[in-house]
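I'm opening a fresh page for this one. I'll jot down what I look up as I go.

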Amino acid sequence: MKRALTWLSLLGVFGIAAALWLTRPAVVDSTRFASLQGNAVQGEVVFWAGGCASCHKAETSDDDLALPGGRRFVTQFGTFAAPNISSDPTYGIGDWTLVEFASALLHGTSPEGHHYYPAFPYTSYARMNDQDVVDLWAFMQTLPALPMASQPHELTFPFNVRSSLGVWKSLFLGSAWVRPAETPELERGRYLVEALGHCTECHTPRNFLGGSLASAWMEGAPHPAGKGRIPGLVPSALNWSVEDIAYYLETGFTPDFDSAGGEMAEVVATIGRLSPEDRLAIAQYIKALE
Amino acid sequence: MNFTKQFALVVAALTLAGVTLAHAGGHDGNPAATARQAHMKLYAFNLDVIGAMAKGEVDYDAVAAQAAASNLLALAMMKQNAYWAPGTSTAELGNATRALPSIWEDGSRLDDIGVQLIEAARQLASAAGEGQDELRGAIRGVGGTCSACHRSFRQR
């Protein structure tokens with residue numbers, strides 16, 4: 001009996017070790033971007049479409065190019081604190097390599113080889129194309145260096161066990177597109193919505209593990225902070241015209257001429273800097289959801 | 001009592017009743033909150049006029065666009081301190097307002113955003129009569145200040 005128990009617990013330990021090894025943080029291949037040249041001007045477009053500033057700028061700042069972090073995000077799993085992603089080599093990401101940056105965006109893996117929490121929307125950025133990763137990196141390096149230390153997250157057990165995120169990723173992280181895109185405009189719209197814009201991160205409800213509920217994709221969700229509701233974008237929840245959606249993303253004004261508040265105000269502040277064609281592509285793709 | 005006098009009395013009584021009713025009606029909610037919401041509705045009405053032109057839903061009309069943009073600037077410049085009165089936030093009025101208590105906290109950026117709105121409305125007012133593209137180009141600045149304030153100070 002005792003021997004059986006010993007074997008069983010050894011097996012358990014071995015099983016956990018195997019699971020951790022199988023779900024260890026992934027990194028991109030070091031030669032993957034060797035043939036690509038970063039373009040900071042193009043990278044700025046990626047930066048605005050990706051909405052980096054919405055989370056990483058300072059709490060009380062209007063400066064979307066200063067990214068010292070510090071904003072706090074209350075969720076059912078605890079409170080996440082956005083880290084410093086300025087170009088400061090000590091406190092920010094100034095001493096990262098392109099490959100480390102790409103591993104963070106595409107696999108949610110830190111330069112130290114840890115899993116990032118999916119409050120960082122690598123679940124969407126995983127769909128980014130390589131040239132955009134390289135261009136974004138070129139642009140990020142032009143941003144000011146800000147020497148503020150990143151604050152720790154405040155999470156409850158078991159969510160504070162980072163290594164368990166490997167299993168989470170195996171369940172919820174993928175780079176496949178959710179919807180087909182029949183035209184070049186819809187394809188661009190899909191890229192902006194599903195990859196860079198990471199719309200689904202807020203507009204789709206999550207299950208008890210924090211994974212996106214595929215069956216209710218873009219149908220709207222309770223606000224993670226507890227109060228209020230994030231509206232759905234599918235046609236049954238949103239009857240705005242393509243032009244209404246594009247105008248809202250440009251100016252923040254709804255068809256009733258109310259204006260965006262809440263987190264969406266931050267989204268308009270960044271998406272509003274894209275070209276009219278890009279905003280129209282987003283609107284067309286949103287309108288094509290079903 | 002002659003007829004004229006009787007008529008005057010009736011008119012006076014009806015007027016008084018009307019004034020009383022109107023007065024009571026105006027005090028349905030908190031008067032400061034009601035005034036703020038009315039101010040917002042005037043913004044929205046004028047934004048609707050220029051927004052419909054910017055989107056191409058109606059033909060661009062330089063005179064109407066200019067009038068609406070000038071109204072927005074006039075609204076933005078109004079002295080509103082009396083109806084942004086302390087003690088009229090969600091903490092005191094509950095559902096009668098969405099104005100968060102942080103508006104009245106020390107270091108609130110409300111006044112700064114108000115100044116930015118006036119500047120953005122001024123640019124809109126000078127662009128609105130110049131053409132559809134100029135009009136559309138200037139709306140985002142106004143929208144940005146609306147959202148900046150709502151983001152920080154309006155209950156979700």
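**Entry 1: a cysteine.** I started with A:C55 and asked: is A:C55 buried, exposed or partly exposed? I got partly exposed, because 19 other C-beta atoms lie within 10 Å, and a buried residue needs 20 or more. I should keep in mind that I'm looking at a predicted model.

I then checked where A:C55 sits, and found it in helix 3 of chain A, which covers residues 52-56. Leaving out residues up to four places away in sequence, I see A:C55 touching A:R71 and A:A82. I also looked up A:H198, which is 143 residues from A:C55 along the chain; their C-alpha atoms are separated by 12 Å.

**Entry 2: the two domains of chain A.** Next I looked up how chain A is divided, and noted domain 1 at 36-173 and domain 2 at 177-290. Their C-alpha centres lie 21 Å apart. For the contact between them, I wrote down 22 residues from domain 1 of chain A and 22 residues from domain 2 of chain A.

Which elements give two or more residues to the domain 1 side? My list for chain A reads helix 2, helix 3, strand 1 (72-75), helix 5 (122-125) and helix 7 (165-172). Helix 2 of chain A gives the most to that side, with five residues. I sorted the domain 1 side by class as well: 14 nonpolar, six polar and two charged residues. Helix 3 on that list is the helix that holds A:C55.

**Entry 3: a covered helix.** I moved on to helix 6 of chain A, residues 130-140, and found it mostly covered, with eight of its eleven residues buried. I noted the buried ones as A:D132, A:V133, A:V134, A:D135, A:L136, A:W137, A:F139 and A:M140. What covers them? Helix 2 (40-50) and helix 4 (98-107) of chain A are included in the cover. I had already met helix 2 of chain A on the domain 1 side that touches domain 2.

**Entry 4: a small note on strands.** I looked for a sheet in chain A and found an open one of three strands, in the order 1-2-3, with antiparallel pairing. Which strands are at the edges? They are strand 1 and strand 3 (154-155) of chain A, each pairing on one side only. Strand 2 of chain A, residues 78-81, pairs with strand 3 of chain A over two bridges in the antiparallel sense. I picked out one position here: A:T79 stands opposite A:E154 in strand 3 of chain A. A reminder to myself: strands of a sheet pair through backbone hydrogen bonds.

**Entry 5: over to chain B.** I counted six helices and zero strands in chain B, so to speak of its pattern, I wrote α-α-α-α-α-α along the sequence. Of its 156 residues, 29% count as buried. I also looked at contacts in chain B between residues at least 6 apart in sequence, and 63% of them join residues at least 24 apart.

**Entry 6: where the chains meet.** How many residues does each chain bring to the contact? I have 20 residues from chain A and 16 residues from chain B. On the chain A side, helix 10 (242-251) and helix 11 (262-271) are the elements that give two or more residues. Helix 11 of chain A has the largest share there, five residues. By class, I split the chain A side into seven nonpolar, eight polar and five charged residues.

Terms used. Residues are numbered from 1 along each chain as its sequence is written. Chains are lettered from A and ligands numbered from 1 in the order in which they are written. This is a predicted model: local features need pLDDT of at least 70, side-chain atom pairs count only at pLDDT 80 or more; totals for chains, interfaces and linings use all residues. Helices (H or I, at least four residues) and strands (E, at least two) are DSSP runs, numbered from the N terminus. A residue is buried if 20 or more other C-beta atoms lie within 10 Å of its own, exposed if 12 or fewer, and partly exposed in between; C-beta atoms are placed from the backbone. Two residues are in contact if their C-beta atoms, placed from the backbone, lie within 7 Å. Ala, Val, Leu, Ile, Met, Phe, Trp, Tyr, Cys and Pro count as nonpolar, Asp, Glu, Lys and Arg as charged, and the others, Gly among them, as polar. Domain bounds come from an automatic or database domain assignment. Two strands pair if DSSP finds at least two bridges between them.
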